[in-house]
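Please look through the sequence and the model below before reading on. The paragraphs that follow move from the overall fold to single residues.

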Amino acid sequence: VSPTAPKSKLNSTLTSSGNFAEEYPLNLLIAEDNLVNQKLLQKMLKQLGYKDFEIVGNGKEAVDAFSKKNLRNSDEISIPFDVILMDVFMPVMDGLESTRTIRSKSTPENL
């Protein structure tokens, strides 16, 4: 869908299949410290049909969640999250530092 497409066309594209998450299944991690933004993202994702996603409150928790999923399948290298939505300005560890840390823990096969 083109970013310049009329909103009605975009909305019909997102809902034409009935469930966006079924058409595009993703394992999602959201790193966001603002509770209002967390609730908004949660509502938006649920409207798109996503039920299982993880929300964390800072970059350190995002790194921990990434590492925990990586260690769970230590016998095989797997992509723990298909998409990580990362806020930039967060307490404890900001989004840029946590992204660098996650990338340093990754291998080319699971990026």
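The secondary structure of this protein, seen here in a predicted model, amounts to five helices and three strands. Followed along the sequence, these elements come in the pattern α-α-β-α-β-α-β-α. The protein has 111 residues, of which 30% count as buried. Among the contacts with a separation of 6 or more, 67% are made by residues 24 or more positions apart.

A good place to begin is strand 1, which pairs with both of the other strands discussed here. Strand 1 runs parallel to strand 2 (residues 53-56), to which four bridges join it, and within this pairing Ala31 stands opposite Val56. Four bridges likewise join strand 1 to strand 3 (residues 83-86), again in parallel, and here Leu29 is the residue that stands opposite Ile84. The two faces of strand 1 are both covered, since Leu28 and Ile30 on one side are buried, as are Leu29 and Ala31 on the other. Together with helix 3 and strand 2, strand 1 makes a β-α-β unit, and this unit is right-handed.

Within that unit, helix 3 holds Leu41. Is Leu41 buried or exposed, or does it fall between the two? Leu41 has a relative accessible area of 23% and is therefore partly exposed, because the buried class requires a value under 20%. The C-alpha atom of Leu41 is separated by 9.3 Å from that of Ile55, a residue 14 positions away along the chain.

The chain passes from strand 1 (28-31) to helix 3 (35-47) through a loop, and Glu32 is found in this loop. Which residues does Glu32 touch, once those up to four places away in sequence are set aside? They are Asn37, Gln38, Val56, Gly57, Asp87 and Met90, and one of them, Val56, is also the residue that stands opposite Ala31 in strand 2. Glu32 is buried, yet it has no salt bridge. Side chains of opposite charge can pair when their charged atoms come close. For Glu32, however, the nearest side chain of opposite charge is that of Lys39, 13 Å away, whereas a salt bridge requires the nitrogen and the carboxyl oxygen to lie within 4 Å.

Where, then, is a salt bridge to be found? The structure holds one, and it is formed by Asp64 with Lys60, whose closest N and O atoms are 3.1 Å apart. Both residues lie in helix 4 (residues 59-72), where they are four residues apart, or about one turn of the helix. Unlike the buried Glu32, Asp64 counts as partly exposed because its relative accessibility is 38%, and Lys60, with a relative accessible area of 37%, is partly exposed as well.

The last residue to consider is Ser98, which lies in helix 5 (residues 95-105). Why does Ser98 count as buried? It does so because its relative accessibility is 0%. A polar atom of the Ser98 side chain lies 3.1 Å from the backbone oxygen of Gly95, and Gly95 belongs to the residue range given for helix 5. If neighbours within four places in sequence are left aside, Ser98 is in contact with Gly59, Val63, Met86 and Met93. Of these, Gly59 and Val63 fall within the range of helix 4, while Met86 falls within that of strand 3.

Terms used
Residues are numbered from 1 along each chain as its sequence is written. This is a predicted model: local features need pLDDT of at least 70, side-chain atom pairs count only at pLDDT 80 or more; totals for chains, interfaces and linings use all residues. Side-chain values use heavy atoms; hydrogens and water are left out. Buried means under 20% relative accessible area, exposed over 50%, partly exposed in between (1.4 Å probe, protein chains only). Lys and Arg count as positive and Asp and Glu as negative; His and the chain ends are not counted. Contact means heavy atoms within 4.5 Å. Two strands pair if DSSP finds at least two bridges between them. A crossover is right-handed if, with the strands pointing away from the viewer, the path from the first strand over the helix to the second runs clockwise. A polar contact is a pair of N or O atoms within 3.5 Å; within protein, one must be able to donate a hydrogen and the other to accept it, and residues adjacent in sequence count only if both atoms are side-chain atoms.
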